[in-house]
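Open the model in a viewer and keep the selection panel at hand. The stops below run from the whole chain to a single residue.

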Amino acid sequence: MDLWQELHALSVAIRRNHEEVLAELRALREEREREARTRLWERLLLVLAFLVGLVGWARP
C-alpha cells in the first residue's frame, strides 16, 4: 500500500472507533437515565407508603 492508502485506512479505522465510542457513551447515558427514573419512582412509592401509613396511624 502506498502512503495515501495507509492514511485512508487509518482514517477509516479512527472514524469507526470514534463511532463505537459514541455508541457506548450513548448507551451509558440511556442506562443512567433509566436508573434515575427508577430511583425517582422508588422515592415516590416510598413517600406514598409513608403517607398511607401516616394516615392509617392518625385515623385508626
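The tour starts with the overall fold and ends on the surface.

This is a predicted model, in which local features need pLDDT of at least 70, side-chain atom pairs count only at pLDDT 80 or more, and totals for chains, interfaces and linings use all residues. Residues are numbered from 1 along each chain as its sequence is written, and side-chain values use heavy atoms, with hydrogens and water left out.

Select the whole chain: there are one helix and zero strands (DSSP runs, H or I of at least four residues for helices, E of at least two for strands). The radius of gyration, taken over C-alpha atoms, is 26 Å, well over the 10 Å that the globule rule gives for 60 residues, so the chain is more spread out than a compact globule. That rule is 2.2 Å times the number of residues to the power 0.38. Along its principal axes the C-alpha trace spans about 85 × 5 × 5 Å.

Next, colour by burial: 2% of the 60 residues are buried (under 20% relative accessible area, with exposed over 50% and partly exposed in between, 1.4 Å probe, protein chains only).

Finish on Leu3, in helix H1 (residues 3-58). Leu3 is exposed, with a relative accessible area of 58%.
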